[in-house]
Each structure stands twice: as structure tokens, then as C-alpha cells.
Amino acid sequence: MRGGRIGLAAVALAAFAALGPRAEASAGVMVAIPAGLYTPFQRIKPSNARGEVATAQQPVGAFRLDVEPVTNAEFLVFVTAHPEWRRSKIRPLFADERYLRRWTEDLELADEAARDEPVTNISWFAAEAYCKARGLRLPTTDQWEYALADQGRDRAAVRARSLEWFARPNDARLPAVGEGPANGFGLRDMVGLIWEWTLDFGAYATTAESRDPNGKDSAFVCGGAAAGASDPTDYPGFMRFSMRASLKADYTADNLGFRCAGGAP
Amino acid sequence: MIRRFFAVATLLGACALGPSFAHDHMHHDAHLDEQAQHTDRSIYNLDSNWTTEDGATVSLDSLGGQPVVVAMGYTTCKDICPAIVADMMWVEKHLPAGAAGRVKFAFFSIDSAVDTPAKLKAYADEHGFDPQIWTLFHGDEDAVRELAAALGVGYRADGRGGFDHAAVISLLNSKGEILYQQRGVKASSEELLNKLKELL
């Protein structure tokens, strides 16, 4: 599943067609996700609501989602065409100092194997810019979670894979994308490879500040977290929401990447 | 390491430090480039367009040239926004004599659908905002999302036609760099006021 053997110098000038066998097959490949209902991990409890709010299933409209996270080779094509997103050019407003730190140069990856690894050390601004250049967006948190929920298929196995991933020490390198099993929608690497940006990553970081200062809503304040969760046993879900709440848009990390979403096919 | 860092830090952070504990890059020492039109950390690098309450189409750097006190909210908000606006008005009221013309106050609506320029104008009139000092801004969803990201203002639709959003008041210097942020509604905004005074 590793990528082609095209020289890195050539890659700098390459178009998607020259991405190599694996990337050629899947670069920008998207699947249609049908509309449906899902139960968000976090209840939305209006700040001035009285009493408990029932956990409601939420409708999610049809959309398209990348089958796999965006790879280094794919992102290299983007920064080649858009110099302002190169490591040496990016403004600190848009990414912190770890941006693309695993690359060796502005237009040079560490080695061949890096081509098929998911691009990480990517800020929200950079991820959004990449998706916009493809006429796409980052998925909303609802879209991403709905895609992971996979209409309930293999829920236990997916949770187990998440937990196993949390427990595993990080490798020095990330595996290539596409090596994990596809879920029912045909999506790969939703868990077990990297964390992923969402369009509205900050949406659930608001509760502590925005709830009625005089209110008694304990959901998602310390010790109240479980009270605000639709399924308190969903530890991986709690982890994902906590992780997103800790992010800032310029933040980059070794295990934080993204995939893009689009409108209904 | 990062994966475990998240695992530990987010759990600790949720309890010990609050949701904005991590990665406070906004406050790194800025290496100011005095020559640059927009410094590297200026939010005026965002190239979004906005419409003011008077119907003028402007970019963010229309606020450049003096310190600006900035917040995001929406006019039909009943819970947190009045408190945010009250804090901003408190700061305005306590400005030193003669400073009134040298500071601007900016309110950006996160409700692209409802808060038309006319609605913003009515809101401004209702609050008696001096149009020489206050500007209210309407933008499309993309503009709002991008500015909110740059200012670190989390928000989401609350499912009842409103939004839950973070209470954040940012102080920008004349170049559009974030110098200070008040997070959460305070009993007094004295710290924000003092930081602002330092700029005058």
C-alpha cells in the first residue's frame, strides 16, 4: 500500500495524476454518506433550560467525505500551487511553529514512505484552505461523528479499536493511510491512525463560558461531564470531544490531520 | 507522545484549567515587523468582507490604526451577549478623559441569517452606541467561522434558533494583533481596561 517510486523533486511539480499508485487510486476519492439520524455524544442543553433535556437523535443531511485522511503527497501538491501555505511562508496567525515539522523542506518530504502517511502538524486554517482549494470543506463535527457512527455497524469493534489506539505508544512514524478496515460507508482510518480536524472544532468548548452564569447547569463542568453525555460509557467519544475542545485554530500536532467533506452528490 | 498528551491533558484540562488551557499561542512574543502592512499575527490578515450597521462593505483592516475592543455575539441573544456588551460599555465609560476618539469598539454578529445590517443598526440605537466609536458587523458564515477561529471564540447553533458561544472580549492593538483576551463575563473588566490604557 506504500506509494509510488517517483522522485521527490518531481513531486514538487506534480499534479494529482503523478501521485503514485496508491495515491492515484484514492487521492481525493470520496464516498457518498446518506442522510440519517444519529445521537450526538454531547447533549445540547440550552443554558436556560429547566431540568433534563432528553437525548435527541439529530438529523444529518447527505454529504460526501474523503475515504481516507489527506496524505503528505496530496498536501505537497497543494503547497506547491499555493506558496503562502509553505512552511517558510505561512503567517504565525495561521499555524504555530510545528507546522509541517516532519517535512525536511518547504517542498520536500522526509522520504518516499512519507508520501502515503497522513499529513499532520496541520492547523485548522491550513486544513480549511486545502479543502477549499478542492471546492470542499472540513466536515462538521456532526458529519464526522455521524460518519464514524456508521449507522451503528460494528460499534463495539470501533470503540475497541479506539481504546487500543489510545493505549498504544506512538510510533515515531505514522502508518500509511488506507491500511485500516473500511467501515460500512467505505471510510478508512476514522479511528486508529490520527485525530482529525472538524470545521466547528470549537463548538463544544463553549459550555463553561456561555452558560447562564447564575444557572445550575453542571453538564460538562468538572465532575459533571458524564451528566452531559448521551452515553457516559462512550469513553472514546468523550476523548474526541475533549480533544477538540482543547484545540485552537493555529494549533498543530504530530497526530492531528484531516479529511475533507463536500455537499450531497 | 502527543496522543497520550491529549489523553492526559484534555482530561486534566477539562477540570483544572478550563477549556482554553492549551497552546496559548496567541500570546507568544510577537516578532513585529514594523514595515509590514499586516504583521504576521494580525487578524487583519483575514481577507473576509463585512457589512457594517450602516450598510458599508468593509474588510477587517478598516479597524486598523487604533486599539479596538472586539467581541462576537448576536442581537437576539438573551443570556451571555448582554453581559458581554455591558462589559464593553463599562470599559468605554471608564476610558480616561480624551481617549474616546482613540479607541474603537467592534461587535461581530455570529448570526449571519438574522442579524442583518438593519437589525444591527437597531441594536446599536437601542444601546445608544456612538457610531464614531462603535461599529457592528454582519458577515457570511465563512467570514464568521474564520474570525471566530482566529479569536478563539467557540460557538454552535443551540437548536432553538440561537447560539451557544464563548464569552470572549479581545483587545487588538493598532495593527490588529491580539494583546489580551477576557474570557468569561467578569464582575469587572478592569484588567481589560488597564491593558487598553497602556496602549493609549
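In the predicted model, T57(B) of strand β2(B) is the bridge partner of T51(B). This pair belongs to the connection between β2(B) and strand β1 of chain B, residues 49-52, where three bridges join two strands that run antiparallel. Helix α3 of chain B, residues 117-127, packs on the sheet and touches β1, β4 (104-109) and β5 (134-138) of chain B. The direction of this helix makes about 155° with that of β5(B).

The sheet in question is open and consists of seven strands of chain B, in the order β2-β1-β5-β4-β3-β8-β9, with mixed pairing. Its edges are formed by β2 (57-59) and β9 (178-183) of chain B, each of which pairs on one side only. On average, neighbouring strands of the sheet are turned by 30° against each other when direction is ignored. A further helix, α5 of chain B (residues 190-199), lies across β3 (68-73), β8 (168-172) and β9 of chain B. Helix α5(B) runs at about 165° to β9(B).

Chain B as a whole contains five helices and nine strands. Along the sequence, these elements follow the pattern α-β-β-β-α-β-α-β-α-β-β-β-β-α. Of the 200 residues in chain B, 44% are buried. When contacts in chain B between residues at least 6 apart in sequence are considered, 64% join residues that are at least 24 apart.

Chain A also has an open sheet, here of three strands in the order β1-β4-β7, with antiparallel pairing. The edge strands are β1 (30-33) and β7 (261-262) of chain A, and each pairs on one side only. Strand β4 of chain A, residues 63-66, is joined to β1(A) by four bridges, and the two strands run antiparallel. Within this pairing, R64(A) of β4(A) is the bridge partner of A32(A), while F63(A) of β4(A) stands opposite I33(A). Towards β7(A), strand β4(A) is joined by two bridges, again in an antiparallel arrangement. In this second pairing, L65(A) stands opposite A261(A) of β7(A).

The loop between β4 and α3 of chain A holds E68(A). This residue counts as buried because E68(A) has 28 C-beta neighbours inside 10 Å, and the cut-off for a buried residue is 20 or more. E68(A) also illustrates how positions far apart in sequence may be brought together in space: E68(A) and C260(A) are separated by 192 residues in sequence, yet their C-alpha atoms are 9.2 Å apart.

Helix α4 of chain A, residues 124-133, is largely enclosed by the rest of the structure, because seven of its 10 residues are buried. The buried residues of α4(A) are W124(A), F125(A), A126(A), A127(A), E128(A), Y130(A) and C131(A). Both chains contribute to their cover, which includes α3 (72-81) of chain A and α4 (141-151) of chain B. Helix α4(A) is followed by G135(A), a residue with a positive phi near 75°.

Helices α6 (residues 155-167) and α8 (residues 235-245) of chain A have axes that come within 9 Å and cross at roughly 60°. The two helices, α6(A) and α8(A), are therefore oblique to each other. From α6(A), the contact is made by R159(A), S162(A), L163(A) and F166(A), and from α8(A) by Y235(A), P236(A) and M239(A). By character, the residues of the contact of α6(A) with α8(A) comprise five nonpolar, one polar and one charged.

Backbone angles were also examined. Most residues other than glycine have a negative phi. Against this background, N121(A) has a positive phi, near 55°, in a residue other than glycine. N121(A) is placed in the loop between α3 and α4 of chain A. Because N121(A) has 23 C-beta neighbours inside 10 Å, this residue counts as buried. D189(A), likewise not a glycine, has a positive phi of about 65°. The position of D189(A) is in the loop between α6 and β5 (195-196) of chain A. D189(A) is buried, since 24 other C-beta atoms lie within 10 Å.

Notes: Residues are numbered from 1 along each chain as its sequence is written. Chains are lettered from A and ligands numbered from 1 in the order in which they are written. This is a predicted model: local features need pLDDT of at least 70, side-chain atom pairs count only at pLDDT 80 or more; totals for chains, interfaces and linings use all residues. Two strands pair if DSSP finds at least two bridges between them. A residue is buried if 20 or more other C-beta atoms lie within 10 Å of its own, exposed if 12 or fewer, and partly exposed in between; C-beta atoms are placed from the backbone. Two residues are in contact if their C-beta atoms, placed from the backbone, lie within 7 Å. Axes are lines fitted to C-alpha atoms, for helices over the stretch in contact, and angles run from 0 to 180 degrees between N-to-C directions. Angles under 35 degrees count as roughly parallel, over 145 as roughly antiparallel, 65 to 115 as roughly perpendicular and the rest as oblique. Ala, Val, Leu, Ile, Met, Phe, Trp, Tyr, Cys and Pro count as nonpolar, Asp, Glu, Lys and Arg as charged, and the others, Gly among them, as polar.
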